[in-house]
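Here is a short report on one protein model with a bound ligand. Keep the structure open while reading.

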Amino acid sequence: MPYSAQDPPSRGSALPDFVLRQFDRGHPDFDHRQLYAILQRGIRESVLAAGSRLPPSRMLAQALGIARNTVVHVYEQLALEGYVQARVGRGTFVADMGPRLSPVAAPDAARQPAPPRKNLSRRGQTLVADAGAARLQWGAFTPGVPEVRLFPSRVWSRLQNQLWRAPTPQHLSYATGGGDADLRASLADYLQGTRGVVCTPEQIVITSGTQQSLHLVAQLLADPGDTVWLEDPGYWGARSVFRALGLKPVGVPVDGEGMAPSSRDFRHPPRMMFVSPSHQYPTGAVMSHGRRRQLLDFAAVHGGWVIEDDYDSEFRYGARPLPALQGLDRHGRVIYLGTFSKTLYPALRLAYLVLPRDLAEPFARALGELYREGQSPQQAVLARFMAEGHYTSHIRRMRGIYGARHDALIHAIRHHFGGQLPVVGGDAGLHLVLGLPAELDDRVVVEHIARTKVVARPLSLYHMRQPAPAKGLLLGYGAVREEDIPANFARLAHAVQQFL
Ligand SMILES: Cc1ncc(COP(=O)(O)O)c(C=O)c1O
């Protein structure tokens, strides 16, 4: 039954239409997530005016053909976050959020949930609606981006020129076999020496980025409908790939020792467990030895896979980098993922998988079959870059630079906030998390910060559980010079202070 006007729901708002138009019963998202997103967007964009009444839950449930409990749950969630107010005996009303929620130019529209697009497949709709990649990928305090201005481009162009003076047919034709042999040999040495990864060059497959590595893993090791455990909060890039390929992501909370499955979780063994044990993304937790053993044993007993994302552990300030989980694996259950995006530059699009022996050949074959191997000349240049020692000296140099930026950011945080806001995960990588009070909407805070031409990402975007149990700002220090940190942070702090 369509929503009827027996009980006009709201003063001056087009609520039933607005919701009915956007709600898609075929959408693979859970009903409550979809309805929550529609209503939240409506309130934030003032399509639903402050003071207007939401339709009674029973009526809205009927109009949408969903369970009433779902609507009740969504209303409760919105009330908890201050978007609406429940008035006993009168109904649920859109709250007056004051200037905080006035519509502002979103800093990165790509992160706003996109409306469902009817001409796309269901999978396509989910992919686009959940797209996490932000448009703005540079400047203070964009997380996850290294200092590309200091990339040793003169050395690189010298090596590149050498190659292009006499490229071989192998460099310029279709490649097969999992990547440049010299690059795989250099990588095997590097990974054993610095990350404790146990492997031969034959176990390495070179890809065009972690996203492609994940695609291969999901397609070769899981079938649609299989479950995959994801850290919650965690890397949305992995979630996007797994969901697009029909896997069922299950969020597992993270604590100070990394992914923390409950005994209930352990009763339902997943096909894969995606973890970032050396530097949990985004909280920075380091997985304890006990948890590493627990996951490895669990995978061995149930025939599951541990997918280890080791994306930025070269940059650890103070303590030595921790060895990879892969080095502890005695049963061939770990797929290790690495990337050159953080150590060199993201546009290079080169990454790698380290696979159990029997999987390397099928993975190389599937890579050729699905995508064709790419960037052979770049791979050859990188092999030379590593063999001549430029890679390790670049990492050493950048570790010092990022360490100084990290200290400058911590100093700025203390200067403006003292101990008022906690800093999480600040001793490694290229970003840290500045905690915010749980009752704040960190997305609104981030929109406000964007007006000051500073980038931050809301922690809640990395959570699968909604409302997110913790709020905060991801702040990267790779793309901002040390001397520019105080002024940029002062602008950010001023914006944040208005919410405290
Ligand atoms: C957790 C995590 N893993 C891996 C990557 C690297 O992805 P790629 O190799 O596709 O650049 C990123 C990039 O931001 C990341 O945040």
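How far is an oxygen atom of the ligand from an N or O atom in the side chain of Ser341? The separation is 2.6 Å. Note that this is a predicted model.

## The ligand site

Ser341 is not alone at the ligand. The surrounding residues are Gly209, Thr210, Gln211, Tyr235, Tyr281, Asp309, Tyr311, Thr339, Ser341, Lys342 and Arg349. Asp309 puts a side-chain N or O atom 2.6 Å from a nitrogen atom of the ligand. Lys342 places a polar side-chain atom 2.7 Å from a ligand oxygen. On its own, the ligand has 400 Å² of accessible area, and the protein covers 90% of that.

## Asp312, a buried acid

Asp312 sits in the loop that runs between β8 (305-309) and β9 (334-339). Asp312 is buried, yet has no salt bridge. Lys342 is the nearest side chain of opposite charge, at 6.9 Å. A salt bridge requires nitrogen and oxygen within 4 Å.

What does the side chain of Asp312 reach instead? There is a polar contact of 3.0 Å with the side chain of His279. Leaving out residues up to four places away in sequence, Asp312 touches His279, Lys342, Gly429 and Leu430. Lys342 therefore appears twice in this picture: Asp312 touches Lys342, and Lys342 is also one of the residues around the ligand.## Salt bridges across the chain

The whole structure holds eight salt bridges. One of them joins the side chains of Glu147 and Arg405, with N and O 2.9 Å apart. Glu147 lies in the loop between α5 (122-129) and α6 (153-165), and Arg405 lies in helix α15 (residues 390-417), so the pair ties together parts 258 residues apart in sequence. Both partners are buried. Arg149 belongs to this picture too: Glu147, Arg149 and Arg405 are linked in a network of salt bridges.

Arg158 forms a salt bridge with Glu388, and the closest N and O atoms are 3.5 Å apart. This pair links distant parts of the chain, with Arg158 in helix α6 and Glu388 in the loop between α14 (376-387) and α15, 230 residues apart. Arg158 is partly exposed, at 37% relative accessibility. Glu388 is partly exposed, with a relative accessible area of 37%.

## Arg465 and Asp232

Are the partners in the Arg465 and Asp232 pair buried or partly exposed? Their side chains meet in a salt bridge of 3.1 Å, N to O. Arg465 is in the loop between β13 and β14, while Asp232 is in strand β4 (residues 227-232), and the two are 233 residues apart. Arg465 is partly exposed, with a relative accessible area of 37%. Asp232 counts as buried because its relative accessibility is 2%, and buried means under 20%.

## Helix α16

How many residues of helix α16 (residues 442-450) are buried? Nine of its nine residues are, and the helix is mostly covered. The buried set includes charged residues such as Asp442, Arg443 and Glu447. Val444, Val445, Val446, His448, Ile449 and Ala450 are also among the buried residues.

The cover over these residues includes α2 (31-44), β12 (431-436), β13 (457-458), β14 (471-476) and α17 (485-497). At the start of α16, Asp441 makes a link to the backbone. One of its side-chain oxygens comes within 2.9 Å of the backbone nitrogen of Arg443.

## Ser57 and Val286

Ser57 belongs to helix α3 (residues 57-64). Ser57 is buried because its relative accessible area is 12%, which is under 20%. Beyond residues up to four places away in sequence, Ser57 touches Arg68, Val71, Val72 and Tyr75.

Val286 is in the loop between β7 (272-275) and α12 (289-302). Val286 counts as partly exposed, at 24% relative accessibility. Its contacts, again leaving out residues up to four places away in sequence, are Gly256, Glu257, Gly258, Pro277, Ser278, Arg292, Arg316 and Leu322. Val286 and Pro469 are 183 residues apart along the chain, and their C-alpha atoms are separated by 20 Å.

Technical notes. Residues are numbered from 1 along each chain as its sequence is written. This is a predicted model: local features need pLDDT of at least 70, side-chain atom pairs count only at pLDDT 80 or more; totals for chains, interfaces and linings use all residues. Side-chain values use heavy atoms; hydrogens and water are left out. Helices (H or I, at least four residues) and strands (E, at least two) are DSSP runs, numbered from the N terminus. Buried means under 20% relative accessible area, exposed over 50%, partly exposed in between (1.4 Å probe, protein chains only). A polar contact is a pair of N or O atoms within 3.5 Å; within protein, one must be able to donate a hydrogen and the other to accept it, and residues adjacent in sequence count only if both atoms are side-chain atoms. Contact means heavy atoms within 4.5 Å. A residue is near a molecule or strand if one of its heavy atoms lies within 4 Å of it. Accessible areas come from the Shrake-Rupley method with a 1.4 Å probe; for residues, only the protein chains shown count as cover.
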